[in-house]
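Visitor: I am new to this structure and would like to learn how to read it. Where should a reader begin?

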Amino acid sequence: TTARLYTGRIELIEKLLAVLGHEETTTNGFSTASTMKFLLPALDHASGGVRDAAVKLIFELYKLKAPVKGFLPADEPTTRKNPLYRSIFDGFDKIDGKPTEAERKAKAKSDREAAEKSKQTEIDELHAHLQALREMAAKQGDVETDKASKDQPAVDTSAKPEPTAVDRMCIFCGTKDETFTEEVLDTHYWKSCPMLKRCSKCSQVIEIARQSQHLLEECDSKSSFVSCPKCKEAVTKIELTNHTHDKICP
C-alpha cells in the first residue's frame with residue numbers, strides 16, 4: 001500500500017471516530033480490536049508520515065479510554081529502547097498528566113544533584129563548626145595552662161618538661177580518655193560533650209555557659225534577642241514582657 005493511500009485511510013478513520021465515537025462510549029462506535037489491527041502494521045511502515053498518522057490515531061483512541069495498551073508491547077525498558085514506542089508511551093504519560101520518561105530522569109538527576117549539594121553544604125558547615133570548636137578548645141586550653149602555671153611554684157626551666165594528658169582530655173567537660181585523638185575529640189565536641197550544645201537558631205555549636213552571650217553578640221538571629229534587665233539572660237524581644245511579668249525570670 002502506498003504511503004499516501006495508507007495515510008489517507010488512517011485520517012479517514014480519525015474523522016469518522018470524531019463523528020461515530022468509540023465502542024467504549026457509544027453503541028455503534030469503532031471497535032478497539034479492529035482499529036488496532038489496522039494500525040499496528042502502520043507502526044512498522046517505512047514511511048514516517050504513515051507511522052506518525054497511526055500514532056496520532058492511537059492517542060485519540062487512548063483519550064477516549066480505549067484499551068489500546070493491551071495491543072502494544074509491554075511498557076518496559078527494553079521496549080522503550082525503540083524510539084517509536086518510547087514516543088507512544090511518553091504520549092500516554094502526557095495524556096494521563098504524568099511526567100515522561102525523560103522528565104522523570106531529569107528530575108531524578110536534579111534530585112541527586114540537589115542531595116549531593118545539600119550533603120556537601122552540610123559537610124562544609126560541619127568542618128567549619130569543628131574548626132570553630134578546635135579554636136575554642138585551644139583558647140580554653142591556653143587559659144587553663146596559664147592558670148595552672150600561676151598556681152604552681154617556679155621550676156627549673158632547664159629540666160625536660162613532663163608530657164601532659166591535655167590532648168586526651170576534653171577541656172570543656174573535663175572528660176579524660178586515652179582513646180581521644182583529634183578526630184575522636186571532634187566527635188565528642190559535636191555529639192556528646194554535656195557542656196556544649198547546638199544553637200537552635202543558627203546551628204552553631206556553643207558552650208552552654210556562653211549561650212546568652214552567643215545569642216546577643218554572635219548568632220545570626222541576634223537582632224531578635226535582648227538582655228533581660230533583671231537576670232541578664234538572652235530573651236527574644238517578643239517574649240520579654242512575659243518573661244519579666246509571669247515569674248519566668250528567676
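**Reading the model step by step**

Guide: Begin with confidence, as this is a predicted model. The chain has an average pLDDT of 81, and 82% of its residues score at least 70.

Visitor: Over which residues does pLDDT stay under 50?

Guide: The general idea is that predicted coordinates should not be read in detail where pLDDT is low. Here the stretch is residues 159-166, for which the model has one contact beyond four places in sequence.

Visitor: How many helices and strands does the chain have?

Guide: The chain has nine helices and four strands. Read from the N terminus, the order is α-α-α-α-α-α-α-β-β-α-β-β-α.

Visitor: What can be said about the whole chain in terms of burial, surface and contacts?

Guide: There are 250 residues in the chain, and 30% of them count as buried. The accessible surface is about 17,000 Å², with 53% of this belonging to carbon and sulfur atoms. Among contacts with a separation of 6 or more, 37% are between residues 24 or more positions apart.

Visitor: How do I read a single helix, such as α5?

Guide: An α-helix has 3.6 residues a turn, so residues three or four places apart point the same way. Helix α5 covers residues 83-95, which is 13 residues. From first C-alpha to last, α5 reaches 18 Å, close to the 18 Å expected at 1.5 Å a residue.

Visitor: Which residues of α5 are buried?

Guide: They are L84, Y85, I88, F89, D90, G91, F92 and D93.

Visitor: What is found at the start of α5, and what just after α5?

Guide: At the start, a side-chain oxygen of N82 comes to within 2.8 Å of the backbone nitrogen of L84. Just after α5, G97 has a positive phi of about 80°.

Visitor: Now a single residue. Is S212 buried or exposed?

Guide: S212 counts as buried because its relative accessibility is 14%, and the cut-off for buried is under 20%. S212 sits in helix α8, residues 211-217.

Visitor: Which residues does S212 touch, leaving aside those up to four places away in sequence?

Guide: S212 touches K232, E233 and A234. In addition, the C-alpha atoms of S212 and V235 are 8.3 Å apart, although 23 residues separate the two in sequence.

Visitor: Why does H214 count as buried?

Guide: H214 counts as buried because its relative accessibility is 0%. H214 also lies in helix α8. Not counting residues up to four places away in sequence, H214 touches C199, C202, Q204, I206 and C219.

Technical notes
Residues are numbered from 1 along each chain as its sequence is written. Side-chain values use heavy atoms; hydrogens and water are left out. pLDDT is the predictor's confidence in each residue, from 0 to 100. Contact means heavy atoms within 4.5 Å. Helices (H or I, at least four residues) and strands (E, at least two) are DSSP runs, numbered from the N terminus. Buried means under 20% relative accessible area, exposed over 50%, partly exposed in between (1.4 Å probe, protein chains only). Accessible areas come from the Shrake-Rupley method with a 1.4 Å probe; for residues, only the protein chains shown count as cover. The expected span of a helix is 1.5 Å times one less than its number of residues. A polar contact is a pair of N or O atoms within 3.5 Å; within protein, one must be able to donate a hydrogen and the other to accept it, and residues adjacent in sequence count only if both atoms are side-chain atoms.
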